[in-house]
Amino acid sequence: MNRIFGSTAKKPRPNLQDAIASTDARIGTIEVKIHKLDTELARYKDQMSRMRDGPGKRSVQQRALAVLKQKKMYEGQLDQLTQQTFNMESAAIATDNLRNTMATVDAMRNANKELRKQYGRLDVDKIDAMHDELSDLLEQANEIQETMGRSYGVPEELDEADLEAELDALSQEVEEEATPSYLQDTLVQPDFVDEAPVEAQPNQAEAVKAT
């Protein structure tokens with residue numbers, strides 16, 4: 001049926017971009033025509049500059065006037081099409097800006113809904129209570145750590161003089177343990193010795209040998 005009576009499908013409406021492209025094509029065609037007319041006018045001008053006044057020159061002048069009128073007509077159309085293109089491009093830019101603005105507004109609206117939905121699930125009072133409870137637990141944990149880190153059997157206050165005396169006693173005991181018992185008696189002078197023995201000098205030793 002469509003082959004006989006033709007298709008009933010509607011053609012898509014032209015958009016601004018299609019209209020701009022079509023207008024630009026018409027502007028290009030008119031510019032080519034104006035260029036041809038300029039070339040023809042230049043040829044007539046050259047002919048008239050070499051001709052004397054008379055019927056022949058007036059005939060060329062009439063043809064030049066006709067070409068000039070045609071050129072003016074095309075230039076008027078060119079101005080109109082150029083203005084139309086400018087208006088359509090301005091409208092296209094405004095449309096794109098409006099489309100971008102609408103997309104931004106929709107995105108912000110969706111984000112607002114999502115934020116309300118998420119924040120609606122939060123209870124500020126419960127969050128504060130949870131924060132306080134967490135602080136209490138951390139404080140208890142610190143107290144437990146301090147308790148577990150205490151030392152047992154160590155007096156809180158120690159006298160430094162007592163510590164030094166004890167250290168000296170320990171040092172003396174270590175020296176006595178390091179010296180054998182059979183040498184400890186030889187190191188002690190007998191009771192009948194009043195003074196320590198004097199070591200013999202080298203000269204005295206030689207004198208004794210000589211005698």
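Me: Why is D38 called partly exposed?

Reply: The relative accessibility of D38 is 31%. Buried means under 20% and exposed means over 50%. The value of 31% falls in between, so D38 counts as partly exposed. This comes from a predicted model. D38 lies in helix α2. D38 and K71 are 33 residues apart in sequence, and their C-alpha atoms are 7.8 Å apart in space.

Me: Why is L41 called buried?

Reply: L41 has a relative accessible area of 16%. The cut-off for buried is under 20%, so L41 passes it. L41 is found in helix α2.

Me: What does L41 touch, leaving out residues up to four places away in sequence?

Reply: L41 touches A64, V67, L68 and K71. Contact here means heavy atoms within 4.5 Å. For one of these residues, L68, there is also a C-alpha distance: L41 and L68 are 27 residues apart along the chain, with C-alpha atoms separated by 7.2 Å.

Me: Why is K57 not called buried, at 21% relative accessibility?

Reply: Buried requires a value under 20%, and K57 has 21%, so K57 counts as partly exposed. K57 lies in helix α3. Apart from neighbours within four places in sequence, K57 is in contact with M48, M51 and R52. From K57 to Y44 the distance is 9.6 Å, C-alpha to C-alpha, with their positions 13 residues apart in sequence.

Me: What is the label for L16, buried, partly exposed or exposed?

Reply: L16 has a relative accessible area of 30%. That is not under 20% and not over 50%, so L16 is partly exposed. L16 is found in helix α2. L16 touches M88, A91, A92 and T95, not counting residues up to four places away in sequence. With T95, L16 has a sequence separation of 79 residues and a C-alpha separation of 9.6 Å.

Me: What makes T85 buried?

Reply: The relative accessible area of T85 is 7%. The limit is under 20%, so T85 is buried. T85 has its place in helix α3. Leaving aside neighbours within four places in sequence, T85 is in contact with I20, T23, D24 and I27.

Me: Why does the span of α2 agree with what is expected of a helix?

Reply: α2 has 35 residues, and at 1.5 Å a residue it should span 51 Å. The rule multiplies 1.5 Å by one less than the number of residues. The end C-alpha atoms of α2 are 51 Å apart, so the two values agree.

Me: What does the comparison give for α3?

Reply: Helix α3 runs over residues 55–120 and has 66 residues. From first C-alpha to last, α3 reaches 97 Å, close to the 98 Å expected.

Me: Which residues of α2 and α3 are buried?

Reply: In α2 they are I20, T23, I27, I30, I34, L37, L41 and Y44. In α3 they are V60, A64, V67, K71, Y74, L78, L81, T85, M88 and A92. What covers the buried residues of α2 includes α3. In turn, the cover over the buried residues of α3 includes α2.

Me: Why would residues three or four places apart in an α-helix point the same way?

Reply: An α-helix has 3.6 residues a turn, so residues at that spacing point the same way.

Me: What makes up the largest nonpolar core?

Reply: It has 12 residues: I27, I30, I34, L37, L41, Y44, V60, A64, V67, Y74, L78 and L81. α2 and α3 each supply at least two residues of this core. To belong, nonpolar residues must be buried and joined through side-chain atoms within 4.5 Å. One core member, V60, touches Y44, Q47, M48 and M51, not counting residues up to four places away in sequence.

Me: What lies over the face of Y44?

Reply: R43 does, at 5.3 Å from the ring centre. The distance limit for a charge over a ring is within 6 Å, so 5.3 Å meets it.

Me: How many helices and strands does the protein have?

Reply: There are 7 helices and 0 strands. Buried residues make up 9% of the 211 residues.

Technical notes
Residues numbered from 1 in each chain as written. Predicted model: local features only at pLDDT ≥ 70, side-chain atom pairs only at ≥ 80, totals over all residues. Heavy atoms only, no water. Helix = DSSP H or I, 4+ residues; strand = E, 2+ residues; numbered from the N terminus. Buried < 20%, exposed > 50% of the residue type's maximum accessible area, 1.4 Å probe, protein only. Lys NZ or Arg CZ within 6 Å of the ring centre and 35° of its normal.
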